[in-house]
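Colleague: I am new to reading structures and would like a close look at a single part of this one. Could you take me slowly through one pair of packed helices and the charged side chains around them?

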Amino acid sequence: MSEVVLELDGVVKRFADNEVLRGVSLKLHRHEVACLIGASGSGKSTLLRCANLLETIDGGSISLFGQPLGDRRIDPDLVRRHMGMVFQSFNLFPHLSVIDNILLGPVYALKRKRADAYDEALALLDRIGLRDRADEYPERLSGGQQQRVAIVRSLAMQPSLLLLDEVTSALDPTLVGEVLDLLTDLAHNGTTMLIATHEMNFARDVAQQIVFLEKGVLVEQGAPDQVFNHPREEATRKFLERVR
Amino acid sequence: MKLKTDVDSSDATPNLFAPRRRRLFVGKRGIAASSLSTAIVFGLIVSVLFVTPGGATVRYAFFNPHEMWVAWIGNPRIGLLAIRDGIFTNVWMFLVSEVLVLALGISIAWIRFSQSPVFVPFRLLATLYTDILRGVPTLLVVMIVGYGLPTLNFGFLSHQSPAVYGVIALTLNYSAYVSEVIRAGIFSVPHGQLLAARSLGLTQTSTMRRVILPQAIRTVIPPLLNDFISLQKDTALVSILGAIEVTRAAQIFSATVFNESGLTVAALFFLALTIPMTRYTDRLMARDRARRLAGS
């Protein structure tokens, strides 16, 4: 296996006395796609937020390229520049045009010249077929288009990996396909991704690793064929029956 | 058993016509009715000046066209100040104050949101500042600044014109209000915006400046303009320090010729200033509401 990009080791997260993650460990290698599955409230989103340092953890450790993120000398802003994050509700910036949404990170976080980043941003929009919408505001786009813009917005930072938090859950069923197609495309190009999702067929198709969470516990992990077709755990089987 | 909530299954056709008395004001008759009621109400209000025992005196003392005109243009021959010469003072005072208030208000709101431990004393100060300056009457702040700073005897700070002290006092006072308005605006920006900006690796400062504040200020423009209207009126308070602005000029006029028409002129000046802004603010608010309704 190639280099380990992200590693979680016994991660614990509590909100007040509610334990949301109870010692979760997993490894994500370069060019690997891992899908987090599990019911709502199982801790998938929390896990992604902890990885991106949007939440502090209460136990265990998280490291990126072998560097422990709990170290005090770590700069969270630098860490986040290497991890793109895409949200369920897109969270595009409504006061900025599509192109400015994409340029915000490169220009103000990476301090790149706008003119230099501009062509790359246009190329990204071209890739999702929205080049001609560059100067429009997000509210004029459909949900699927907004989410695709949100994905390329995080790609514009040239991150080492992408964290995707149920990115199709807020979409109209007819718009889910275009977003999943983009993600499949990214996966085939070797983008390292950690994806929380309810789309089981998609997970089976793109992931090398499936991670099943229940109530903050990592119940089972393995290759898609093993988890989907020959689950070892009773809980996994029950969950898969319910979502099918 | 038949329940009261059961659908009435009787064959009677319901009557959908309004009762006769409510049909009086429909269509053209409605326009006539509104004109008539407007005329009556306004007529009654104005008639107070004609039917009350002191009505004639008030009309002479407050609404005397000739005196109003003299108050407006002044009379250098008898050393009478012109109200129109005071306008510039009011206008520059509120223009400068508004710029300063916006800058200081945003800074205070920002400081109150900052998380850096170095900022703890400033956060405390900012909280204390807004608490105190929102609670003290503007007139008192004007007097404290206007009499206090010269007494300090501290270089150029103590040798300024009353209008400058007025600007300082109004800025201090209104920044407290405006910082609260902006804080409310910041709270109104969805949390996801902060998450998205931070996940792009933007620092806290960049996030505030590029993502949160632009959205916050856009939502609070109507209440902000409201505070500015109020500030424009409150330039009148600086007259207490002896700044020759519209109100002061009007007072001097009244005291010299024993006719209060100058005060009416001053009032008209403030109305000419604030009414366009009030209308504009209302329009902005209506537009904002329409946009929000369309968006939901």
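Modeller: What follows is a walk through one helix pair in chain A, with a few other salt bridges for context.

This is a predicted model, in which local features need pLDDT of at least 70 and side-chain atom pairs count only at pLDDT 80 or more, while totals for chains, interfaces and linings use all residues. Residues are numbered from 1 along each chain as its sequence is written, chains are lettered from A and ligands numbered from 1 in the order in which they are written, and side-chain values use heavy atoms, with hydrogens and water left out.

Helix H5 of chain A covers residues 143–155 and helix H6 of chain A covers residues 173–188, and the two pack with their axes 8 Å apart at an angle of about 20 degrees. That angle makes H5(A) roughly parallel to H6(A) (angles under 35 degrees count as roughly parallel, over 145 as roughly antiparallel, 65 to 115 as roughly perpendicular and the rest as oblique). The crossing of H5(A) past H6(A) is right-handed, the word used if the near helix is turned clockwise from the far one by less than a right angle. Helices here are DSSP runs of H or I with at least four residues, and strands are runs of E with at least two.

Between these helices, Arg148(A) forms a salt bridge with Glu178(A), their closest N and O atoms being 2.8 Å apart. Arg148(A) belongs to helix H5 and Glu178(A) to helix H6, so the pair ties together parts that are 30 residues apart in sequence. A salt bridge is a side-chain nitrogen of Lys or Arg within 4 Å of a carboxyl oxygen of Asp or Glu. Arg148(A) counts as buried because its relative accessibility is 12%, whereas Glu178(A), at 25%, is partly exposed (buried means under 20% relative accessible area, exposed over 50%, partly exposed in between, with a 1.4 Å probe and protein chains only).

Glu166(A) sits in the loop between strand E7 (161–165) and H6 of chain A. Its phi is near 45 degrees, a positive value in a residue other than glycine, and Glu166(A) counts as buried at 10% relative accessibility.

For context, the count comes to 19 salt bridges over all chains. Among them, Glu3(A) pairs with Arg30(A), with the closest N and O atoms 3.1 Å apart, and Arg14(A) meets Glu19(A) at 3.3 Å, N to O. Asp77(A), Arg80(A) and Arg198(B) are linked in a network of salt bridges.

Methods
Axes are lines fitted to C-alpha atoms, for helices over the stretch in contact, and angles run from 0 to 180 degrees between N-to-C directions.
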